[in-house]
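Me: Please take a close look at the cavities, and then follow the chain outward from there. Keep it brisk.

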Amino acid sequence: MLKALNKTGLVFFPAFDWAISPTHPEREERLLYTQDQVMEEGLFDIDGIHEYKSEVVDIKDVQRVHFSYPDVWQVMTESHFISAGGAKTIARAVMEKSVNNGFALVRPPGHHAMRVVHGGRGFCNVNNEAIMLEYLRHAYGVDRVAVVDTDCHHGDGTQDIYWHDPDTLYISLHQDGRTMYPGSGFPQELGGPNAAGTTLNIPLPPYTGEEGFLYAINEVVLPVIDEFKPELIINSAGQDNHFTDPLTNMLFTAKGYADLTRLLKPDIVVLEGGYSIEGALPYVNIGIILALAGMDYSHVIEPGYDPDKLKQTDSITQTVKQTCDTVKANWAQREAIGRSMRGNQEYAERRRNIFYDTEGIHETQRETLRLCPECSGALKIDSTSDRGAHLLAIHIPRKACNNCWDLGRQWYESANPSDYDMICLQDRTEDSYQVKEK
């Protein structure tokens, strides 16, 4: 019997009864073909590869991360509760040391869901990785974590949730936002003033191949992680950089994804996008599973694979190197950049317009952050949508100092319910969530 070098856990949740529409690229077949391929290749016969059944997250798990309007039940279906639960299941198996690492092959995906949720955007309603991570922090006391997002689309939701958190290193490699939804993820996006430099974006030009992806991993991602010293590495794994993906323009391969996994050594992998349902996903996912298990993946070759045709141009190679140099320089200068952002101010303001492409909602946010030398700062978000909703969301961070805790409470207590449809307080020091409604 074959034996895995690393004990590896898997969860499959194809969400048989949920899709945006029967022909939408984000539908159950995305995982059914992978599930069939895993069975046909006999991966579950390998000693050390274990399948787990997904648990279901509860409301409290969701409320540690999101402000959902009008409530959690209106933005999540049962499939969303189970998809996030699949990530939680694998994470628990890793933390309990039942396995060395694990892969949650679940859908619907989550990395475009931000802290405030009025509906679905980028096929995402809630953020599976963030729900999982904040559960781990609550249940196991995990502190410093690196999230490496390798989906072809910038993970703007995960970036938003951890924008002000200096204990979460968020690195995203993705197709350049000038050519791809959601249009963000540039090197100058470095995190908020209390966490400058712990958000890093590496936009890659269209038609980047294995050479460019693995260069960025070796030259930027691994050295930064080594310096940050996280307790856990999470891979937010989108498989839509594959050369056959119908929604993107990259030249990555199944072997490239397996190489990336071997180099990154993630503790937990959570599936995001990937829409080449037959031609890529079964091969990419099997390559990742074998790499996690520490096994030979050299025989995993997808239909149409031709290394000569998939080689990136010299021009792309130069662009990738220049981008990586910029990101490395930003990382090296992060403390000075943070000081410059903070200046002598007591508060920082940020105004944003957010479009929910899946549901056609336009949201406007005005964010107020206390610039705090001791913690990540009390945060207040005034959110309105073109559907008429007006929400005040107040976040007291996990390691809030006394001043930020008092300020968050003061913001909540003094807010007048007649001015808003809903006022919410997310107090991570007490693991509590309170709501005042009009």
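Reply: A search of the whole structure finds two cavities of 30 Å³ or more. A cavity here is a set of points, on a 1 Å grid over the protein atoms alone, where a 1.4 Å probe fits but cannot get out. Its volume is the space filled by probe spheres set on the points, with grid points joined across faces, edges and corners. This is a predicted model: local features need pLDDT of at least 70, side-chain atom pairs count only at pLDDT 80 or more, and totals for chains, interfaces and linings use all residues. Residues are numbered from 1 along each chain as its sequence is written, and side-chain values use heavy atoms, with hydrogens and water left out.

The largest cavity has a volume of about 40 Å³. Its lining is Lys 60, Gln 63, Arg 64, Arg 428, Asp 431, Ser 432 and Tyr 433; a lining residue has an atom within 4 Å of a point. Helix α2 (59-63) and strand β16 each supply at least two of these residues. Both are DSSP runs numbered from the N terminus: helices are H or I with at least four residues, strands E with at least two.

Follow β16 into its sheet. That sheet is open, has six strands and mixed pairing, and runs in the order β11-β12-β13-β14-β15-β16. Two strands pair if DSSP finds at least two bridges between them. β11 (347-356) and β16 (432-437) each have a single partner strand, so one side of each is left without a neighbour in the sheet. Neighbouring strands are turned by 15 degrees against each other on average, direction ignored. At the β11 edge, ten bridges join that strand to β12 (residues 361-370), and the two run antiparallel. Ala 348 stands opposite Leu 369 in β12.

Helix α12 (residues 402-414) packs on this sheet. It touches β11, β12, β13 (379-385), β14 (390-396), β15 (422-427) and β16; contact means heavy atoms within 4.5 Å. The direction of α12 makes about 160 degrees with that of β15. Axes are lines fitted to C-alpha atoms, for helices over the stretch in contact, and angles run from 0 to 180 degrees between N-to-C directions.

Now one residue in the sheet. Thr 364 sits in β12. Thr 364 counts as partly exposed because its relative accessibility is 37%. The scale is: buried under 20% relative accessible area, exposed over 50%, partly exposed in between (1.4 Å probe, protein chains only). Leaving out residues up to four places away in sequence, Thr 364 touches Arg 352, Asn 353, Asp 382, Ser 383 and Thr 384. Leu 169 lies 195 residues from Thr 364 along the chain, and their C-alpha atoms are separated by 26 Å.

Leu 169 belongs to β7 (residues 168-175), which five bridges join to β6 in a parallel run. Val 147 of β6 has Tyr 170 as its bridge partner in β7. On its part, β6 (residues 145-149) is mostly covered, with five of its five residues buried. Val 145, Val 147 and Asp 149 point one way, and Ala 146 and Val 148 the other way. In a regular strand, side chains alternate between the two faces of the sheet. Five bridges also join β6 to β9 (residues 232-237), again running parallel. There, Asp 149 has Ser 236 as its bridge partner.

Technical notes: 1 Å grid on protein atoms, 1.4 Å probe; cavity = no way out; pocket = protein on both sides within 12 Å on 5 of 7 lines; lining within 4 Å.
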